[in-house]
Amino acid sequence: MADRKALFTQIPKVDDILNEDRIKILLTKVPRTLVLDAVRANIEDIRRQIVQLPDGEIEKFSIDDEELIRRILYDVTAKNRMSLTKAINATGVVLHTNLGRALLSDAIKEEVWNVASNYSTLEIDIKTGKRGSRYIHVEEVVTKLTGAESALVVNNNAAAVMLVLGTIAKNKEVIVSRGQLVEIGGSFRVPEVMEQSGAKLKEVGTTNKTHDFDYERAIGEETAALLKVHTSNYKILGFTEEVNLKDLVQLGKKYNIPVIEDIGSGTLIDFSKYGFVKEPTVQESIEAGADIVTFSGDKLLGGPQAGIIVGKKKYIDLMKKNPMTRAFRVDKMTLAALEATLRLYLDEQEAIKKIPTLHMLTMQKEEIEKKAEGLYRLLTEKISPSFTVEKQKGFSQVGGGSMPLAELPTVLIQIKSCTFSVNQLEKMLREYKIPIIARIQEEQLILDVRTIKENEFDIIAEAFREFTDF
Ligand SMILES: *Cc1c(COP(=O)(O)O)cnc(C)c1O
């Protein structure tokens, strides 16, 4: 027993550790509290080891001071990193919700930081000096691009739908096709959002077919709106039918009931021009006569997280007055990023070039092949021969619940290791100091170059080099 006690006395003192040369340097660079936490946790760890030591092993046990310092340095470095930080998306899923959906364009950096780090014209009318509205900044460009009379921006599309229904249809009925009662991303479920908003769901038709007479028969005293939801993330194929927006608008006009469309992703460009299946554009919905259209800012639009509501002024004005708008309101950084992103759309070719989401989706075969060749070369040259690197053809996905059936041809880099299993490798990449999120496909570790930036290639190569040094 006496020996165990002797071990306790050998544990280095906090002050001595803080006076160690490397720790002293560390203290000039990182907050003292992080260093202290790491020192205490590691000392506690040694104490626990000694307590749990079987009697027979006390003799052999010794405290490795060097190892202790190394652990502290490692822990502090890890803790000193931001929790929310850049990651590398090697999955090929362009709008990856868990990885932050759309990337903002480099072209709008200055606009966003300018507004975020200075006082701004957020809510002041420069002409009169009186209080202005934060919504007018995007309203002008949104209405120009979509042809809508008016616009309002909230936190996300879920909030947009909630606000629209809560304003127009509180305690009243909203008619929706059974084929459109979808769940999007787990937390957005049409029936539940409707219930939360205070609107009463009146479902019509069947899962696969809904006709205009289904809507018409359901219209009554209590009907406040007809709602069409774009079933972004799934498709019913085969014997199906839904009422198109134009016909729904006709019906709405006949009974003087507003027609609301949640188009989900909300694109401003016609993707069919770029070889995709047709996705409805916001302009087309406005053109077809929808009274209100809602969509996301960070899906196919390629902007910041936001929910954009466009449509007839009389309805948008009602929403602006709804106290819920205050709860859903967007901050100045979002507004700056959204306005700047939307301004890029004033020239579609510029938008395609400069908005990363659009660029990644419309990337030409040659560009992908060139990128893949670049990463392939770098990896074959730079990393240990214990890894084998191969190129193969494959597909990327749009993601974010948009265009679920679209398969985008791409080139994949497949990496095999003699030392690590596929799952180990995936985990090591994920836990790398700059997390690299790879894809596992048919038991292979895959990197899809479509979503990897060229300036990230070196980071990937460096990661594999470090894995070899273990
Ligand atoms: C994605 C989506 C939503 C939710 O939008 P968020 O911006 O993620 O809140 C709502 N409706 C549809 C049809 C969608 O595709």
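Ala, Val, Leu, Ile, Met, Phe, Trp, Tyr, Cys and Pro count here as nonpolar, Asp, Glu, Lys and Arg as charged, and the others, Gly among them, as polar. The model is predicted.

Q: How do the residues of the shell around the ligand divide into nonpolar, polar and charged?
A: The shell includes Ala-158, Ile-184 and Phe-188. Arg-101, Asp-262 and Lys-299 are also among the residues around the ligand. Sorted by class, the shell comes to three nonpolar, three charged and six polar residues.

Q: Which elements each supply at least two residues of the shell around the ligand?
A: Asn-157 and Ala-158 are among the residues around the ligand. So are Asp-262 and Gly-264. Two elements each give the shell at least two residues: α8 (157-168) and β9 (259-264).

Q: What distance separates a polar side-chain atom of Asp-262 from a nitrogen atom of the ligand?
A: A polar contact needs a pair of N or O atoms within 3.5 Å. On the Asp-262 side, the atom belongs to the side chain. Its distance from the ligand nitrogen is 2.6 Å.

Q: Which residue has an N or O atom in its side chain 2.8 Å from an oxygen atom of the ligand?
A: Ala-158 places a polar backbone atom 2.9 Å from a ligand oxygen. That contact uses the backbone of Ala-158. The side-chain contact at 2.8 Å to a ligand oxygen comes from Lys-299.

Q: How much of the area that the ligand exposes when taken alone does the protein bury?
A: Taken alone, the ligand exposes 390 Å². The share of that area buried by the protein is 94%.

Q: Which domains each give at least three residues to the lining of the largest pocket?
A: The largest pocket holds about 790 Å³ of space. Its lining has 24 residues, with Lys-86, Ala-87, Leu-99, Gly-100 and Leu-103 nearest the centre. The lining takes at least three residues from each of domain 2 (88-97 + 361-468) and domain 3 (106-354).

Q: How far apart are the centres of domain 1 and domain 2?
A: The protein chain also has a domain 3 (106-354). Domain 1 spans 4-80. Taken over C-alpha atoms, the centres of domain 1 and domain 2 are separated by 38 Å.

Q: Where is Arg-101 found?
A: Arg-101 is one of the residues around the ligand. Its phi is positive, near 50°, in a residue other than glycine. Arg-101 sits in the loop between β2 (93-95) and α6 (109-116).

Notes
Residues are numbered from 1 along each chain as its sequence is written. This is a predicted model: local features need pLDDT of at least 70, side-chain atom pairs count only at pLDDT 80 or more; totals for chains, interfaces and linings use all residues. Side-chain values use heavy atoms; hydrogens and water are left out. A residue is near a molecule or strand if one of its heavy atoms lies within 4 Å of it. A polar contact is a pair of N or O atoms within 3.5 Å; within protein, one must be able to donate a hydrogen and the other to accept it, and residues adjacent in sequence count only if both atoms are side-chain atoms. Accessible areas come from the Shrake-Rupley method with a 1.4 Å probe; for residues, only the protein chains shown count as cover. Helices (H or I, at least four residues) and strands (E, at least two) are DSSP runs, numbered from the N terminus. On a 1 Å grid over the protein atoms alone, a cavity is a set of points where a 1.4 Å probe fits but cannot get out, and a pocket is an open set with protein on both sides within 12 Å along at least five of seven lines; lining residues have an atom within 4 Å of a point. Grid points are joined across faces, edges and corners, and a volume is the space filled by probe spheres set on the points. Domain bounds come from an automatic or database domain assignment.
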